[in-house]
Amino acid sequence: MSKRDYYEVLGVAKGADDKDIKKAYKRLAMKFHPDRTQGDKTMEEKFKEVQEAYEVLSDEQKRAAYDRYGHAGVDPNRGAGGFGGGAGGADFGDIFGDVFGDIFGGGGRRGQSRAQRGSDLRYNLELSLEEAVRGKSVDIKVPTMVSCDSCDGSGAKKGTSAKSCPTCHGAGQVTMRQGFFAVQQTCPTCNGRGKIIPEPCTKCHGEGRIEKTKTLSVKIPAGVDTGDRIRLTGEGEAGMHGAPAGDLYVQVHVKEHPIFVRDGNNLYCDVPLSFTTAALGGEIDVPTLDGRVKLKIPAETQTDKMFRLRGKGVQSVRGGGVGDLVCKVVIETPVNLSEKQKELLRQLDDSMAGDGEAKHRPKSKGFFDGVKKFFDDLTS
Ligand SMILES: [Zn+2]
Ligand SMILES: [Zn+2]
């Protein structure tokens, strides 16, 4: 039987340094260790092969001889080195250290990369009130992970494929025995996937997915509001090794509007009203999201009175009716009056005083009664 190249056995390059060789050895020795492979003969052979390769490549002299003469330079059967496939001399302390680390929670490897659904993503989308009310299509750019196009997400190099994990034989779990204890743990070779990729795809390094900024066209339904989110199924991060993708959530945030305040499907706005129109009645223009509309102001309208314009609010995104626009009139005190205008106001005031104060001041009576009661209560 021809022997495999030692470097190939350890999966390292010819010029690999000691550190890399040791690392590769530890990984493989752990993978093929008889304690874990439960009497599988092929695995045992592999374990010996790895041991042998490491004994040679970790020893400066033997490695030099091997590099020059190949297997002939270091053939153990010729007595050149005195190693024979046993566990003697190998760095087991470290190996078991790693294993225990895994079982007892010290290692970060357990379950880390099990084939599972990709992560969900969140995209914060700011909309103006008009956009939220009418709905729109927006293009959003999302940095994410997408399935690798080179290997179709499998992680295996073109023309190769994933193989059943030799350590756990596809189960994803191995049983570790330590004296009386039998501990079930995630297979360290395949991290629970049950499969390994002998030749990883060069583009995604075996992950089966790559980073990419996706541009997505999202249809925002009319009537959305701050706090609403739109789920795009399967537009989240691609899973590893071809696992299903997560979802993308577009989180809506509606910006403040200079005129309207929204509460549910209703809109609110303050409308200034001259005191003359308030007193005499008339018609004013009020803004809606669809443009101006006329609002009839009855005579003797007081400040803060609300006028409800039915159906001028927001169409509910969840179906059902359209909200209202509620206009609150705010009566303005005139400013920058000329002397003549001031005089007219004084005349008006005098004429009203002649009628008796309360007649023209609907709020005053109640107010002054309240004030009187307030002071009476204080002094009693
Ligand atoms: Zn496995
Ligand atoms: Zn790939």
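**Two zinc sites and their surroundings in a predicted model**

Cys-168 and Cys-190 are both buried. In this predicted model, the relative accessibility of Cys-168 is 7%, and that of Cys-190 is 5%; each residue counts as buried because the cut-off for that class is a relative accessible area under 20%. Cys-168 is located in the loop between β3 and β4, whereas Cys-190 belongs to the loop between β5 and β6.

Both residues take part in a metal site. The zinc ion (ligand 1) is coordinated at 2.2 Å by the SG atoms of Cys-165, Cys-168, Cys-187 and Cys-190. The angles subtended by the four donor atoms around the zinc ion (ligand 1) run from 104 to 114 degrees, which makes the arrangement tetrahedral. For four tetrahedral donors, the ideal angle at a metal is 109.5 degrees. Along the chain, the donors of the zinc ion (ligand 1) follow the spacing C-x2-C-x18-C-x2-C, and the pair formed by Cys-168, in the loop between β3 and β4 (173–178), and Cys-190, in the loop between β5 (181–186) and β6, links distant parts of the chain that are 22 residues apart.

The contacts of these two cysteines, with neighbours up to four places away in sequence left aside, add detail to the picture. Cys-168 touches Gln-173, Val-174 and Gly-194, as well as the cysteines Cys-187 and Cys-190. Cys-190, for its part, is in contact with Cys-165 and Cys-168, and also with Gly-172, Lys-195 and Ile-196. In the UniProt record, an unreviewed entry, Cys-165, Cys-168, Cys-187 and Cys-190 are listed under the feature "binding site". Although these four residues are spread over 26 residues of sequence, they cluster in space, with a largest C-alpha distance of 8.9 Å.

A second zinc site is built from another set of cysteines. The zinc ion (ligand 2) is coordinated by the SG atoms of Cys-148, Cys-151, Cys-201 and Cys-204, at 2.2 to 2.3 Å. The site of the zinc ion (ligand 2) is tetrahedral, with angles of 105 to 115 degrees among its four donor atoms. In sequence, the donor residues of the zinc ion (ligand 2) are spaced C-x2-C-x49-C-x2-C. Since Cys-148 lies in the loop between β2 and β3 and Cys-204 in the loop between β6 and β7, this pair ties together parts that are 56 residues apart in sequence.

The UniProt record, again an unreviewed entry, places the feature "binding site" at Cys-148, Cys-151, Cys-201 and Cys-204. These residues span 57 residues in sequence, yet no two of their C-alpha atoms are more than 9.0 Å apart, so they gather at one spot.

Within the site of the zinc ion (ligand 2), Cys-148 is found in the loop between β2 (136–147) and β3 (163–164), and at 1% relative accessibility Cys-148 counts as buried. Beyond four places in sequence, Cys-148 touches Gly-153, Lys-203, Gly-208, Arg-209 and Ile-210, together with Cys-201 and Cys-204. Cys-204, in the loop between β6 (195–196) and β7 (209–220), is likewise buried, with a relative accessible area of 4%. With neighbours within four places in sequence left aside, Cys-204 is in contact with Cys-148, Cys-151, Gly-155, Arg-209 and Ile-210.

Attention then turns to the strands. Leu-125 lies in strand β1 (residues 121–127) and counts as buried at 8% relative accessibility. The residues that Leu-125 touches, not counting those up to four places away in sequence, are Val-138, Ile-140, Ile-220, Val-250, Gln-251, Val-252 and His-253. Of these contacts, Val-138 is 13 residues from Leu-125 in sequence, and the two C-alpha atoms are 9.4 Å apart in space.

Farther along the chain, an open sheet of four strands shows mixed pairing and the order β10-β11-β15-β14. Its edge strands, each of which pairs on one side only, are β10 (261–263) and β14 (306–309), and from one strand to the next the twist averages 30 degrees. Strand β14 runs antiparallel to β15 (residues 325–332), to which four bridges join it; one pairing places Phe-307 opposite its bridge partner Cys-327 in β15.

Methods
Residues are numbered from 1 along each chain as its sequence is written. Chains are lettered from A and ligands numbered from 1 in the order in which they are written. This is a predicted model: local features need pLDDT of at least 70, side-chain atom pairs count only at pLDDT 80 or more; totals for chains, interfaces and linings use all residues. Side-chain values use heavy atoms; hydrogens and water are left out. UniProt positions are given in the numbering used here, feature names are shortened, and annotations may be inferred rather than shown by experiment. Helices (H or I, at least four residues) and strands (E, at least two) are DSSP runs, numbered from the N terminus. Buried means under 20% relative accessible area, exposed over 50%, partly exposed in between (1.4 Å probe, protein chains only). Contact means heavy atoms within 4.5 Å. Two strands pair if DSSP finds at least two bridges between them. Axes are lines fitted to C-alpha atoms, for helices over the stretch in contact, and angles run from 0 to 180 degrees between N-to-C directions. Donors are N, O and S atoms within 2.8 Å of the metal (3.2 Å for Na, K and Ca); water is not among the atoms, so sites may look incomplete. Four donors count as tetrahedral if all angles lie between 85 and 135 degrees; four count as square planar and six as octahedral if opposite donors are over 155 degrees apart and all others between 65 and 115; anything else is irregular.
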